[in-house]
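Colleague: I'm new to this one. Can you walk me through it?

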Amino acid sequence: MAVFSNPFFSNHEEVVFVQDASVGLKAIIAIHNTQLGPALGGLRLWPYASEEEALTDVLRLSRGMTYKAAISGLNLGGGKSVIIGSPAIKSEALFRSFGRFLQGLGGRYITAEDVNTNVDDIEFIYQETGYAVGIHPEHGGSGDPSPYTAQGVFHGLRAALEKTFGQADWAKRSFAIEGVGNVGFHLARLLRQEKAKVFVTDIDPDRVQRAVDQFGCEAVSGTAIYDLKVDVFAPCALGSSINPETLPRLKCRIVGGSANNQLATPECGSELDRRGILYTPDYALNAGGLINVALEIEGYHRELAERRVASIYDIIRRIFTFAEKQGLPTWQAADKIAEQRLAALGPAHLRYLEQGRPWHIHRGRAGH
Ligand code: NAD
């Protein structure tokens, strides 16, 4: 399997393949960039069809984390990890084994929840290594990041609505959420609290029903979600939902949701721009979870987390302003802002690698 010549290999610093046959563990850890600090990013568990598919996913996701941390003003680098397998392989032994591998990386990568991993799984990892965040509040952690990710998406969408319509006017707006899992569900709640009209779809009918029953959302079946005439299309499932097939079907004014890598290719972002659809760059919009867990490093405090997550509104506005001034599509404006911060601050990784223990997590309990 090609690594350096993989099309998504993007000057990654380190890609680690780990396996422990005794517990069924096969995982890849990708550290994209530690220029701003240790790489932080979630652990995804997914039944990838091939090892190549898993590698591609982890390479793309880890690069996205570098940009996400950079644009959010965090002193963190970008990394991500994937375990190859179905959720049925989950066990204490599996996660603890993974934790021991993480400990071996000495803090260059720190993990957290992602698709198919939850606080309980991260707690198993935490028994083997301190390099895990998103742990239970009882241990000084921040818990489930999804409500904060949803909050951040909500703040960022306010900026997008204001840009498009002059004001947010939530009650007059309509939204189509693709995927009402952890984040999509909380986003639906926030939107319905503002009396917005919310359509939902999910491959899991129980999740759709939950959003219908609890918040009065309207169910849409399957891919019909792309054809809806709504103000905002919010991809909150997996990546690449904006692709050459779905793009011509969209009748929305704004695309913005929690999913990572919403654009199948950057060109899809440029095409949205040409069609007059405002794209709210995914890694800036969905940074709420990262901003929240990152606070565990300095000592978690809920109110501070909420304030910092609210700053996503300003970050999104800044991207829109920069895009307009430079005549760029928003995806490219976001990349440039993130790259400017990386270039301005220069390499920090040498500094922290020189120390035996590169950094320390302050797990206080006071802030909850
Ligand atoms: P999740 O697994 O809880 O939710 C995803 C939902 O999408 C599930 O209900 C699933 O059934 C549904 N889904 C999958 N494929 C679908 C399809 N083709 N059509 C419709 N629905 C589909 O995951 P989550 O934690 O809510 O994360 C959602 C997305 O947001 C992911 O891309 C994740 O990487 C990203 N994200 C999550 C967080 C977080 O805090 N959880 C933070 C940043 C980014």
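Modeller: We'll take the ligand, then the cysteines, then one arginine. Keep in mind that this is a predicted model.

Colleague: Ligand, then. How many residues surround the ligand, and which are the closest?

Modeller: The ligand has 21 residues around it. The closest are T149, V183, D202, R207 and A237.

Colleague: Which polar side-chain atoms lie by an oxygen atom of the ligand?

Modeller: Here are three. T149 has a polar side-chain atom 2.6 Å from a ligand oxygen. For R207, a polar side-chain atom also lies 2.6 Å from an oxygen atom of the ligand. For R44, the separation is 2.8 Å, again from a polar side-chain atom to a ligand oxygen.

Colleague: How much of the ligand does the protein bury?

Modeller: The protein buries 84% of the 820 Å² that the ligand exposes when taken alone.

Colleague: Which elements give two or more residues to that shell?

Modeller: Helices α4 (146-165) and α5 (182-193) do.

Colleague: And by class, what is in the shell?

Modeller: A mix. The shell has eight polar, seven nonpolar and six charged residues.

Colleague: Where does the ligand lie relative to the domains, and why?

Modeller: Between domain 1 (14-61 + 79-132) and domain 2 (146-287 + 315-340), because both give residues to the shell around the ligand.

Colleague: New topic. How many disulfides are there?

Modeller: Zero, from a search of the whole structure.

Colleague: Take C217. Why is there no bond to the closest cysteine?

Modeller: Distance. The closest cysteine sulfur to that of C217 is in C236, 11 Å away, and that is too far for a bond. A disulfide needs the two sulfur atoms within 2.5 Å.

Colleague: Is C217 buried or exposed?

Modeller: C217 counts as buried, because its relative accessibility is 4%. The cut-off for buried is under 20%.

Colleague: What about C252?

Modeller: C252 is in no disulfide either. Its nearest cysteine sulfur, that of C236, is 13 Å away. C252 has 6% relative accessibility, so C252 counts as buried too.

Colleague: Last one, R274. Where does R274 lie?

Modeller: R274 lies in helix α7, which covers residues 266-274.

Colleague: Buried or exposed, and why?

Modeller: R274 counts as exposed, because its relative accessibility is 54%. Exposed means over 50%.

Colleague: Which side chain does R274 join in a polar contact?

Modeller: That of E271, with a polar contact of 3.0 Å between the two side chains.

Colleague: And how are R274 and P329 placed?

Modeller: They are 55 residues apart along the chain, and their C-alpha atoms are separated by 8.5 Å.

Notes: Residues numbered from 1 in each chain as written. Predicted model: local features only at pLDDT ≥ 70, side-chain atom pairs only at ≥ 80, totals over all residues. Heavy atoms only, no water. Near = heavy atom within 4 Å. Polar contact = N/O pair within 3.5 Å; in protein donor to acceptor, adjacent residues only side chain to side chain. Areas by Shrake-Rupley, 256 points an atom, 1.4 Å probe, with all protein chains shown as cover. Helix = DSSP H or I, 4+ residues; strand = E, 2+ residues; numbered from the N terminus. Nonpolar A, V, L, I, M, F, W, Y, C, P; charged D, E, K, R; others polar. Domains from an automatic or database assignment. Buried < 20%, exposed > 50% of the residue type's maximum accessible area, 1.4 Å probe, protein only.
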